[in-house]
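Me: Got a model open here and want to go through the strands and the voids. Can you take the questions as they come?

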Amino acid sequence: MSNSQTIQTLYDAFSRQDMAGILALVADDVDWNNEGVASKECPWNGNFSGKAKLPGFFQAVGECLDIRVFSPQTFVEQGDHVVVLLRIESTVRQTGKPLLNDAVYVWRLDGSGKVSRYRHYNDTAAEIVAWRG
């Protein structure tokens, strides 16, 4: 399986809410740290590194956002990296505000084909406005 196919498989597991399927694709010490973003008060932006903490990320997303559109549109694979351009449309549950984002996800995979690092880049200003209401 190519690295891009691994990420697509992870997205498919996400769409099915299949946490076991997601965890099967990540390294035990996966680096999943997004606490450095401007919208770090949003519960899904934090340090969820390590396979044991990673379910907390998906729990935060599931509890806080009603996702209507999660559409990976372009996959660019270079060596051990996969960059994905995607459209995400959701509503923040606590405020009822829409959150529309064109995002870039950057994935790194290790030699065994498992995700070793994840970062996302999106409109954090829109994210914080929707979160705060």
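Reply: Yes. This is a predicted model. To begin with the strands, E3 and E4 form a hairpin with five residues between them. Gly96 sits in that turn and has a positive phi of about 75 degrees.

Me: How many bridges join E3 to E4, and do they run parallel or antiparallel?

Reply: The two strands run antiparallel, and 11 bridges join them.

Me: What stands opposite Val84 in E4?

Reply: Tyr105 does.

Me: And what about E2 and E3, how many residues lie between them?

Reply: Two residues lie between E2 and E3, which form a hairpin. Gly79 is in the turn, with a positive phi of about 60 degrees. E2 and E3 run antiparallel and are joined by 12 bridges. As an example of the pairing, Val69 has Glu89 in E3 as its bridge partner.

Me: Switching to voids. How many cavities of 30 Å³ or more does a search of the whole structure find?

Reply: One. Its volume is about 300 Å³.

Me: Which residues are closest to its centre?

Reply: Phe57, Val61, Phe70, Ile88 and Tyr105, out of 21 residues in the lining. Tyr105 is the residue in E4 that stands opposite Val84.

Me: Which elements supply at least two residues of that cavity lining?

Reply: Two helices and four strands: helix H1 (3-15), helix H3 (54-64), strand E2 (65-78), strand E3 (81-92), strand E4 (98-109) and strand E5 (115-121). E4 gives the most, with four residues.

Me: How does the lining of the largest cavity divide into nonpolar, polar and charged?

Reply: There are 16 nonpolar residues, four polar and one charged.

Me: OK, now the open side. What volume does the largest pocket have?

Reply: About 340 Å³. The pocket is lined by 17 residues, and the closest to its centre are Phe14, Gln17, Phe58, Val61 and Gly62.

Me: Val61 again?

Reply: Yes. Val61 is among the residues closest to the centre of the largest pocket, and also among those closest to the centre of the largest cavity.

Me: Which elements give two or more residues to the pocket lining?

Reply: H1, helix H2 (19-23), H3 and E2. The largest share, five residues, comes from H3.

Me: And how do the residues of the pocket lining divide?

Reply: Into 10 nonpolar, four polar and three charged. For the largest cavity, the charged count is one.

Definitions and conventions:
Residues numbered from 1 in each chain as written. Predicted model: local features only at pLDDT ≥ 70, side-chain atom pairs only at ≥ 80, totals over all residues. Heavy atoms only, no water. 1 Å grid on protein atoms, 1.4 Å probe; cavity = no way out; pocket = protein on both sides within 12 Å on 5 of 7 lines; lining within 4 Å. Points joined across faces, edges and corners; volume = space filled by probe spheres on them. Nonpolar A, V, L, I, M, F, W, Y, C, P; charged D, E, K, R; others polar. Pairing = 2+ DSSP bridges.
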